[in-house]
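Please open the structure in a viewer and keep the selection tool at hand. The tour below proceeds from one selection to the next.

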Amino acid sequence: MSGVRRDFYNSFLLICGQMRLLQNMKMSSTHPYEKITRSVYKKHVIDIKSPDAILQAANLLESGKVIGLPTDTVYGLACSANDPTAIKKLYDIKGRICTKPIAICVPEVKDVLYWGKADHLPMGLLQELLPGAVTIVVKKSHYLDNPFLNPGVEKIGIRVPKFNFIRHVTKQFKAPMALTSANFSSQKSTLEITEFKALWPELGAVFDGGQLGQSEEQRAASTVIDLSEPRKFEIIRTGVAIKRTIELLKRYRFEEIVKRAT
């Protein structure tokens, strides 16, 4: 073998060896964040079927923590609605500007009348809309006295989820929870906990309810309807329950407010 061919052959073997080494390193090594994820998983992820999961969630809310948990639509981030420090933390974790409103979650339909000004709404309508994948927007009552909860906004979105775990947590907590989707602001909603793992280190706990829904349509989250004016409604977000919601509102003779594009 000539010197040139020998040098070429040796170089070829060297390159092949380096490629095999890189491949082995790629297969055997773990991304640093994956290591963090595994340790955080063991420390913070709690199965909602755990006997004390509801009590743990309520205690974390009481202590001012932000938690991740399943709803009847997507995974959410929740904290005490009347805790200024917790609300600020929620906005920071999500990367959300403080002027963008956050809804609250309550366990029963009657609680909508306590935390919001909803006396003008027929009780029959509320009972047909809720619990479920609908957020109704009404004016705040004076009981929502947190200055950091939607500052400068007189209205509040209120949800009564149909998902048993989050309703039981709210009952145990005995106060409204501020609730928003578990994702960075402007990113898509999440249907299982690993989709928002980047937020785990900032949360008091992540409550795992498994995969929520089997379709991408589920990511549309709750339908948001402004019902702050008597016998009128405005669609804020179509969400997953828009068809049934509009049918109900029209049955109760509500008129839709359609804003013209400027």
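Which residues of helix α8 (residues 242–251) are buried? The model on display is a predicted one. On selecting α8, the reader will find that Ile242, Thr245, Ile246, Leu248 and Leu249 are buried. Seen around the axis, these residues cover an arc of only 160 degrees, which puts them on the same side of α8. A general rule is useful here: an α-helix has 3.6 residues a turn, so residues three or four places apart point the same way.

Next, rotate to the face of α8 that is turned away from its buried side. The exposed residues Lys243, Lys250 and Arg251 are carried there. Return then to the buried residues of α8 and display their surroundings: what covers them includes α6 (123–129), β6 (134–140), β10 (223–226) and β11 (232–237). After α8 comes arginine 253, which has a positive phi, near 60 degrees.

**A salt bridge from α8 to α6**

Select arginine 251 together with glutamate 128. Their side chains meet in a salt bridge, with 2.9 Å from N to O. Arginine 251 belongs to helix α8 and glutamate 128 to helix α6, so this pair ties together parts that are 123 residues apart in sequence. Arginine 251 has 53% relative accessibility and counts as exposed, while glutamate 128, at 27%, counts as partly exposed.

**Helix α4**

Now select helix α4, residues 84–94. Its buried residues are Ala86, Ile87, Leu90, Tyr91, Ile93 and Lys94. Viewed down the axis of α4, they fall within an arc of 165 degrees, so they line one face of the helix. Against what do the buried residues of α4 pack? Their partners are β3 (75–80) and β8 (177–181). On the face turned away from the buried side, the exposed residues Thr85 and Asp92 appear.

Both ends of this helix deserve a view. At the N-terminal end, aspartate 83 acts as a cap of α4, one of its side-chain oxygens lying 3.0 Å from the backbone nitrogen of threonine 85. Just after α4, glycine 95 adopts a positive phi of about 70 degrees.

**The nonpolar cores**

The largest nonpolar core has 50 residues. To see its best-connected members, select Leu77, Ile104, Val112, Leu121, Ile136, Phe196 and Leu227, which touch the most other members. At least two residues of this core are supplied by each of β3, α4, α5 (109–115), α6, β6, β7 (155–159) and α8. The largest share, 5 residues, comes from α4.

Centre the view on valine 112. Setting aside residues up to four places away in sequence, valine 112 touches Val106, Ala118, Leu130, Ile136, Ile158 and Val160. A second, separate core consists of 18 residues, among them Ile67, Leu179, Ala205 and Phe207.

**Threonine 190 in its loop**

Where does threonine 190 lie? It is found in the loop between β8 and β9 (205–208). Is threonine 190 buried or exposed? With a relative accessible area of 3%, threonine 190 is buried, because the limit for that term is under 20%. The side chain of threonine 190 reaches the backbone oxygen of alanine 182 at 3.0 Å. Apart from neighbours within four places in sequence, threonine 190 is in contact with Val74, Tyr75, Ala182, Asn183, Glu195, Phe196 and Arg219.

**Further salt bridges**

One of the contacts of threonine 190, Arg219, leads to the next stop. Arginine 219 forms a salt bridge with glutamate 216, their closest N and O atoms being 2.7 Å apart. Arginine 219 is buried, with a relative accessible area of 12%.

Select next glutamate 255 and lysine 232, whose side chains meet in a salt bridge of 3.5 Å, N to O. This pair links distant parts of the chain, with glutamate 255 in strand β12 (residues 255–256) and lysine 232 in strand β11, 23 residues apart. Glutamate 255 counts as partly exposed at 48% relative accessibility, and lysine 232 likewise counts as partly exposed, at 32%.

How many salt bridges does a search of the whole structure find? The search finds 9. As a last selection, choose Glu108, Arg167 and Lys171, which are linked in a network of salt bridges.

Definitions and conventions. Residues are numbered from 1 along each chain as its sequence is written. This is a predicted model: local features need pLDDT of at least 70, side-chain atom pairs count only at pLDDT 80 or more; totals for chains, interfaces and linings use all residues. Side-chain values use heavy atoms; hydrogens and water are left out. Buried means under 20% relative accessible area, exposed over 50%, partly exposed in between (1.4 Å probe, protein chains only). Helices (H or I, at least four residues) and strands (E, at least two) are DSSP runs, numbered from the N terminus. The arc is that of the directions from the helix axis to the C-beta atoms. Contact means heavy atoms within 4.5 Å. A polar contact is a pair of N or O atoms within 3.5 Å; within protein, one must be able to donate a hydrogen and the other to accept it, and residues adjacent in sequence count only if both atoms are side-chain atoms. A nonpolar core is a set of buried Ala, Val, Leu, Ile, Met, Phe, Trp, Tyr and Cys residues joined through side-chain atoms within 4.5 Å. A salt bridge is a side-chain nitrogen of Lys or Arg within 4 Å of a carboxyl oxygen of Asp or Glu.
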